Amino acid sequence: MSILVTGGAGYIGSVTVELLLERGERVVVLDSLVRGHRAALPDGVPFYQGEVGDRDLILRIAREHDLEACIHFAALAYVGESVTEPIRYFVNNAAQGMLLLEALIEAGVRRFVFSSTCAVYGEPERIPIPEEHPRRPANSYGWSKYFMERALEDCDAAYGLKFVSLRYFNAAGATERCGEDHEPETHLIPNVLAAALGRIPYVPVFGNDYPTPDGTAVRDYIHVRDLADAHLRALTWLRQGGGSLFLNLGSGKGYSVLEVIRTAREVTGREIPMRWEPRRPGDPARLVADARRAERLLGWTPAFPELATIIESAWRWRLAHPDGYPKHQAG
Ligand SMILES: NC(=O)c1ccc[n+]([C@@H]2O[C@H](COP(=O)([O-])OP(=O)(O)OC[C@H]3O[C@@H](n4cnc5c(N)ncnc54)[C@H](O)[C@@H]3O)[C@@H](O)[C@H]2O)c1
């Protein structure tokens with residue numbers, strides 16, 4: 001039996017595929033390549049280029065690969081873009097996500113691991129943020145994930161679909177094979193490293209008057225390999241008959257934008273120019289996870305919690321792939 005990994009040619013998906021293969025699992029990847037890279041997948045992994053909302057394709061994959069479970073990464077994931085193009089986000093992430101669920105249920109698949117996000121919480125009422133925190137997304141990206149979470153709860157009640165919804169905080173870092181290569185890049189660490197390499201003239205720092213020790217926004221960075229590991233544990237949980245869960249994935253530690261830049265200067269030994277920009281609307285001052293539930297239920301704790309280790313891994317990947325993945329292999 002195989003595990004369907006949607007969005008497996010993307011950043012977190014490709015690292016999870018790598019880990020699944022290392023553990024001897026059979027995987028099949030579905031990705032539209034709207035943001036992913038064919039070259040992020042090792043040769044020999046069954047790959048379908050298509051949309052998760054393509055019901056016939058999902059049913060075909062289920063027939064051809066005897067699916068046991070689905071790990072659903074595929075989504076558009078830029079907060080700013082979701083504000084200017086909300087319908088695109090609702091269609092791609094929520095509507096297509098529902099069609100995926102419909103097809104999987106029809107195919108008899110009852111195990112589902114979902115890439116959710118701390119964006120479902122919106123502006124936090126308390127830090128660190130526990131899973132019981134009210135879900136009040138502040139943008140269409142967060143809402144599109146929230147709708148999927150609601151649908152999953154009802155699919156559990158109606159069809160016995162068991163799910164683990166993993167609410168990631170900020171994914172960062174790389175493995176030797178797989179790293180972060182987005183166009184455009186909106187994440188801080190890859191942009192800091194692009195500035196270190198002189199690929200962009202400076203790192204924009206949005207806001208210097210937040211109520212944080214140095215005035216810049218604080219985020220919880222989690223190594224992508226640790227995220228991938230949590231997916232395997234979630235799968236084990238479901239295989240052992242565990243019930244549906246919502247789990248935060250973070251280190252529980254926050255780093256400010258200036259701390260990230262300072263650490264990246266130490267790791268790279270390079271000058272990293274920065275420039276102050278105004279705050280971005282809807283950017284909370286601090287987002288830090290309370291991830292104790294994932295530790296208690298899955299035995300999961302980050303193996304690489306240190307910011308310098310995370311940045312070092314991303315830097316190594318960037319030096320080895322200064323232009324990112326080979327683009328000609330897409331498609
Ligand atoms: N990167 C983070 O820090 C972060 C944080 C919280 C949640 N997430 C979630 O994790 C998941 C993976 O994030 P990522 O950073 O790896 O993003 P990514 O853009 O690198 O990967 C997403 C992949 O999904 C594919 N895709 C998108 N829509 C599709 C569709 N309709 N059908 C088929 N394929 C489609 C893209 O081509 C891409 O390969 C996303 O669901 C994202 O919302 C990411």
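Helix 5 covers residues 140-159 of this predicted model. At 1.5 Å a residue, its 20 residues should span 28 Å, and the end C-alpha atoms sit 27 Å apart, so the two values agree. A good part of this helix is tucked away: Ser-140, Tyr-141, Gly-142, Trp-143, Ser-144, Lys-145, Tyr-146, Met-148, Leu-152 and Cys-155 are buried. As for what they pack against, the buried residues of helix 5 meet helix 3 (79-84), helix 4, strand 5 and strand 6 (162-168). Right after the helix comes Gly-160, with a positive phi near 70°.

Stepping back to the whole chain, there are 10 helices and 14 strands. The radius of gyration is 19 Å, close to the 20 Å that the globule rule gives for 331 residues, so the chain is as compact as a globular protein of that length. Along the principal axes, the C-alpha trace spans about 55 × 45 × 40 Å. Of the 331 residues, 46% count as buried. The contacts reach far along the sequence, too: among those between residues at least 6 apart, 80% join residues at least 24 apart.

Next come the strands. In general, strands of a sheet pair through backbone hydrogen bonds, either parallel or antiparallel. Strand 4 (residues 67-72) has 5 of its 6 residues buried, so it is largely enclosed by the rest of the structure. Strand 4 runs parallel to strand 1 (residues 2-6), and 5 bridges join the two. Within this pairing, Leu-4 stands opposite Cys-70 of strand 4. Strand 4 also pairs with strand 5, again in the parallel sense, over 3 bridges. Here Ile-71 has Val-113 in strand 5 as its bridge partner.

Elsewhere, an open sheet of 3 strands follows the order 12-9-14, with mixed pairing. Its edges are strand 12 (255-256) and strand 14 (286-287), each of which pairs on one side only. Strand 9 (residues 218-219) runs antiparallel to strand 12, and 2 bridges hold the pairing. One residue pair to look for is Val-218 and its bridge partner in strand 12, Ser-256.

The ligand is surrounded by 28 residues, and the closest are Gly-7, Gly-10, Tyr-11, Gly-36 and Ala-75. Several elements give two or more residues to this shell: helix 1 (11-22), strand 2 (27-31), helix 4 (86-106), strand 5 (111-117) and strand 7 (170-172). Helix 1 gives the most, with 3 residues. Sorted by class, the shell has 14 nonpolar, 11 polar and 3 charged residues. Two of these contributors have already come up, since helix 4 and strand 5 are also among the elements that the buried residues of helix 5 pack against.

A last stop is Trp-315, which lies in helix 10 (residues 307-320). Trp-315 has 23 C-beta neighbours inside 10 Å, and because the cut-off is 20 or more, this residue counts as buried. Leaving aside residues up to four places away in sequence, Trp-315 touches Leu-193, Val-267 and Thr-268. Leu-193 is 122 residues from Trp-315 in sequence, yet the two C-alpha atoms are 6.7 Å apart in space.

Terms used: Residues numbered from 1 in each chain as written. Predicted model: local features only at pLDDT ≥ 70, side-chain atom pairs only at ≥ 80, totals over all residues. Near = placed C-beta within 6 Å. Helix = DSSP H or I, 4+ residues; strand = E, 2+ residues; numbered from the N terminus. Nonpolar A, V, L, I, M, F, W, Y, C, P; charged D, E, K, R; others polar. Buried ≥ 20, exposed ≤ 12 C-beta atoms within 10 Å, placed from the backbone. Contact = placed C-beta atoms within 7 Å. Rg over C-alpha atoms; globule rule 2.2 N^0.38 Å. Pairing = 2+ DSSP bridges. Expected span 1.5 Å × (residues − 1).
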